[in-house]
Amino acid sequence: AEKELAPIVLKNLISKPFPDVRFHAWNLLALLVRSKTVAQMVMPSDEMREILLDFSSETESPARIGKHSFVKVIVAWNGEWLASFLDEKVMWLLDEYAKQGPFWVPHTVSAMVGDQAA
């Protein structure tokens, strides 16, 4: 069931539904990515990496908290795999975001996002 549900949740996040829906989508995805199989399905998505590295993607507090919950879970449950998959700078960003909280914005976001896009 998780393999069928994860793509639907990801699609909903990418389509940018109402903020209250985004909060629930992030939290549902946080539950699903405890499975390494789901994490390996979700994280290779370019759209997911874009959303994760866009620190202005969530304008409402609950959605920011939901996104942060997702990042904390993906780092805690799949950090080792992520570190082998993601660029070192991106992994550092996710680690810091998980530690610092939902309202943290790195000072060098634009430079790091530009590096990842290249």
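**The largest cavity and the packing of helices H2 and H5**

The largest cavity of this predicted model is lined by Asp 54, Phe 55, Glu 58, Arg 64, Lys 67, Tyr 97, Pro 102 and Trp 104. A cavity is here a set of points, on a 1 Å grid over the protein atoms alone, where a 1.4 Å probe fits but cannot get out, and lining residues have an atom within 4 Å of a point. By class, the lining comprises four nonpolar, no polar and four charged residues; Ala, Val, Leu, Ile, Met, Phe, Trp, Tyr, Cys and Pro count as nonpolar, Asp, Glu, Lys and Arg as charged, and the others, Gly among them, as polar. The space inside amounts to about 40 Å³.

Local features require pLDDT of at least 70 and side-chain atom pairs count only at pLDDT 80 or more, whereas totals for chains, interfaces and linings use all residues. Residues are numbered from 1 along each chain as its sequence is written, and side-chain values use heavy atoms, with hydrogens and water left out.

Glu 58, one of the lining residues, forms a salt bridge with Arg 22, the closest N and O atoms being 2.5 Å apart. A salt bridge denotes a side-chain nitrogen of Lys or Arg within 4 Å of a carboxyl oxygen of Asp or Glu. Because Arg 22 lies in helix H2 and Glu 58 in the loop between helix H4 (46-53) and H5, the pair ties together parts 36 residues apart in sequence.

The axes of H2 (residues 19-32) and H5 (residues 61-85) come within 8 Å and cross at roughly 10°. The two helices are therefore roughly parallel, a term for angles under 35 degrees. Helices are DSSP runs (H or I, at least four residues) numbered from the N terminus, and axes are lines fitted to C-alpha atoms over the stretch in contact, with angles running from 0 to 180 degrees between N-to-C directions.

Note on methods: Parallel < 35°, antiparallel > 145°, perpendicular 65-115°, else oblique. 1 Å grid on protein atoms, 1.4 Å probe; cavity = no way out; pocket = protein on both sides within 12 Å on 5 of 7 lines; lining within 4 Å. Points joined across faces, edges and corners; volume = space filled by probe spheres on them.
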